[in-house]
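Student: I have a new structure open and I'm not sure how to read it. Could you walk me through it?

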2 protein chains.
Amino acid sequence: MTYTRTLACLRCAATYPDPSLELVGRGCPSCEAGGVPANVLPVYDLSGRNAVPVADGEPGLFRYRALLPLAADTRAVSLAEGATPVVALPAVAAELGVGTVVVKDETRNPTWSYKDRLAAVAVTKAVELGINTVVVASTGNHGAAIAAYAARAGLRCVVLTVASVPSTMKTLMQVYGASVVALPEPRQRWSLMRELVRTFGWLAMSGHADPPVGSNPYGVDGYKTIAYELVEQLPSPPDVVVVPTAYADGLAGIARGFADLVALGLIERAPRMVAAEPFGPHAAALASGSELAGPVPYEPSVAFSTASPVGTFQGLSALRSTGGSAVAVPDDGVTLRAQRDLAASAGLYQEAASATAWPALATLAAQGSLGRDASVVVIGTSTGLKDVGATAATLPEVPVIEPTADALLAAIGT
Amino acid sequence: MTYTRTLACLRCAATYPDPSLELVGRGCPSCEAGGVPANVLPVYDLSGRNAVPVADGEPGLFRYRALLPLAADTRAVSLAEGATPVVALPAVAAELGVGTVVVKDETRNPTWSYKDRLAAVAVTKAVELGINTVVVASTGNHGAAIAAYAARAGLRCVVLTVASVPSTMKTLMQVYGASVVALPEPRQRWSLMRELVRTFGWLAMSGHADPPVGSNPYGVDGYKTIAYELVEQLPSPPDVVVVPTAYADGLAGIARGFADLVALGLIERAPRMVAAEPFGPHAAALASGSELAGPVPYEPSVAFSTASPVGTFQGLSALRSTGGSAVAVPDDGVTLRAQRDLAASAGLYQEAASATAWPALATLAAQGSLGRDASVVVIGTSTGLKDVGATAATLPEVPVIEPTADALLAAIGT
C-alpha cells in the first residue's frame, strides 16, 4: 500500500482523513471560503520505491491498484477497463512537423469512453465505504460510465442531466438501469446533488461545487493509469499529451500519473499537458494569471461533452506545473471537419469533443511550440457513436440506385 | 509460415491456388454447379508444431500472423484490433446452472464490433494483392469495419447497403470516407457486386453467391484469433461458444481457430459451437439434415445484423463438426429485454443481434443440454450504440423535474 488514507487540497495543502465524504465533489472548505474552490485529492507515499507495482491477477486497471486510493482488501468493481491501445498516425506527425503522433484510443473501454477509468475507481470506493446509492451530474459519458459500474456493483445510480443532451446519451445512461432525470438549468444539478449527498448520504460521482472543483477525487486518480500504460506502450515517454477538457478530471489525473512516474524515477520529467476546450476557460486563466478558470462566453456546441464556460483549479494546476497550454476550439465546423478527417484518413471515429484535440494541435504547431522531434499523445476520449446525428448532418444522403455498374459509378462520381 | 497458399473447398475439398480472386465471395464453382454453394478457405500446414506461434512485434491480431493467410512480407493494416477482454457473469452462470459464463467483449474493437478482425485480414490481403478498390455488401458492422481499414490502408471502399439500415450505421460507414449506396432489394447487392468484381477487378470483402457461402475467405480466418485469445485468457478451454450468426463467418472462423488448437495438441477437443439466429436457417437445416441452411420465413427484426432467412454451408459445417446447435430467437421483445437485462445487471450494452445469444442459451439450459460444469463463452459481437433507437423505444422518457429532493424522489419512485 502506498495510499496514505488522506486527501490533500491541491491549492493550500490542507489534509483531511479518508473518508471525508462531505468533501467529495466539493473540495477544500477553506479554499472555497476564500473564493477559489479546489479539489482535495489522494496522497501517496512512494518513498523507497522505484517501479510501478503491478498486481497481475487483478482485473482491468486494478493491476495498478497499489497506486490507487483503495484499501488493500477492497474487491475491484471492474468491467475490464483500460489497457487501451495506441494507434500511430505518421501522416499527421509529418503534417504537424513533429516526431510522432499517437492516439491513445480510449473508445476501447467498456462504455466506450475514458470515463470508465474514473467510474471503476469511484464505484469501487463506494463499495468499500458501504454506500448504497451513487449520484452523478452528467451530459453523457460520465453518467453512462457510472451507471454501468453501478450496475456491475449492484448499487443504485441516480443521474442528473439536462434536457438538451443527445438522445443517444440519455438512452445509454438509462439502459444500464440508472434513474435519469433532467433539470431545467445545468447549475441546478449541483445544488440538488449537494442536497442529496447531505440528506441521504449518497456518494457524489461528479462535482457539486460552484464554481466547480472537479469530480470524485478517487475517480480522478483512475486516470493516473493512462500515464502508467503510456510509458509501458511507447518507445520513449511522451513530450506532449493533449486532453479534450471541461473540468479537467482527465487532464489532472493523467498529469498526476506522470508525476508519480517522475517521483519513482522512471521518467525524467512530466510531459507538457495541453487542454483542448471549446471556449477556453483554462486558456483565459493561463493568459491572465488567474486562479479561476472562467467563466468565459459560451454557446451551444457540438462538443457538448466539454462545452463548459468554466474550468477548474485542478486543470490550471496540471497545466502550470507541466509548462502546458490550453487552446480554445470554438468553431463547430472546424471540429466536425477534424472529426471526419481523422475517420477518413486513419480509420478512427472520435466524439466531437475529442476531435477538438486536432485543431488545438494545429494551432500549437503553427505557433512553433511543439518541438521538431516531439512525441505527441492525443487522448481519444470517446467514440463518435455517442452523437452520430451531428456527424450525419455534415454527410450526404445515401443514394438509392438501380443495381447496375453504370448507376453505381455515376452515384460515386467516377 | 504455415499458410500453404492454397484455398480448399470446405465441402468437396477441391483446392485452388492463392490468389483465385474470382472465388473470393463466390466459393467453389463445382459445388455451386451442384446446387450447394460452399466457401473456399485457406489451408495451413501445422505439422511438426505444438504451439501457437506469436509475433510480439506485430500490431493487433497480427501477433498471430503465422496462422493467417498472408505472405511473410506483407505489411499489416492494423488499428490495434483484437486482444479484447472477457468479462465474467457469475450470476448468469448460476441462473443457467452451468460452471462459468463469460462475455468475450468484442465491442472493444476499433469500430466496436468483431467484424474488425475480418476487416484487418481481408484489407491487408487486398494490399498484398495490389488491389485499389474494395467492395462490400453490408447492413452495417461489416461495412463500417471494412471502411475504416480501407481508410487506414488508403484504399477506395464502396459499400452496397439497403435503405432500411439504421441511420447510425449509414453514418458510421460514410464517416470513414467510403462511398455508400443503397439498393432497392437486398439480393441485388450480390449480383451487382459480382459484376463489379468481374468488370473492374475490385476485391469482394463479403459474399456475392446466392445462396450465400460467406465472406472473403482471408477475412474469415481473422476470426480464428478469437479462439487463440480465449485459450490464453481462460483458466481452461471453453466447452460451449455462442455466436450470434447470419452467414456464419464468425462462427466458422472461431471454430477453425479451435480446430487449429486441436491440431497443435493444445486442447483436447473443440468446444460445441452454438449459433443464435433470429429466424433459424441453420437450426432448420440441422433438424432436417439438409446441406442448405434455409431459406426460412423471416420478417423485419430488431436484430438486423443477423436477420437472414438463409445461412451457409460453412455455418452448418462448424455446427456439425463440433456437435453444436442453432437456436432461433425470433421475438423482438425477448431480444430487447435480454439486451436491457444484461446492461442493467452486468454493465454490458450489446447490439440487439448480439443479445439473441442470451435467450438462445436459456433455451439450451432448459433442454438440459449445456452440462452442469460447462464453461460457456458468449461472443459479444457489437455495441448497442449501433442502433440506440431500438433500445430507446423500450425506455421511458427522461423526465424534467424541479430541482428539489422531493421532486427527484417522486420521479424515481422512491
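Student: How many helices and strands are there in chain A?

Tutor: In this predicted model, chain A has 16 helices and 13 strands. Both are DSSP runs numbered from the N terminus: helices are H or I with at least four residues, strands are E with at least two.

Student: And what does the radius of gyration of chain A say?

Tutor: That radius is taken over C-alpha atoms, and the globule rule is 2.2 Å times the number of residues to the power 0.38. For chain A the radius is 21 Å, close to the 22 Å the rule gives for 414 residues, so chain A is as compact as a globular protein of that length. Its C-alpha trace spans about 70 × 45 × 45 Å along the principal axes.

Student: How do I read the size of an interface?

Tutor: People often give it as the accessible area lost when the parts come together. Here, buried area is what two parts lose on being put together (1.4 Å probe), summed over both. Between chain B and chain A that's about 5600 Å², with 70% from carbon and sulfur atoms. In chain B, Arg108(B), Trp112(B) and Leu385(B) lose the most, together 12% of what that side buries.

Student: How many residues are in contact?

Tutor: With contact meaning heavy atoms within 4.5 Å, 70 residues of chain B touch 71 of chain A.

Student: Any reading notes?

Tutor: Residues are numbered from 1 along each chain, and chains are lettered from A in the order written. Local features need pLDDT of at least 70, whereas totals for chains and interfaces use all residues.

Definitions and conventions:
Predicted model: local features only at pLDDT ≥ 70, side-chain atom pairs only at ≥ 80, totals over all residues. Heavy atoms only, no water.
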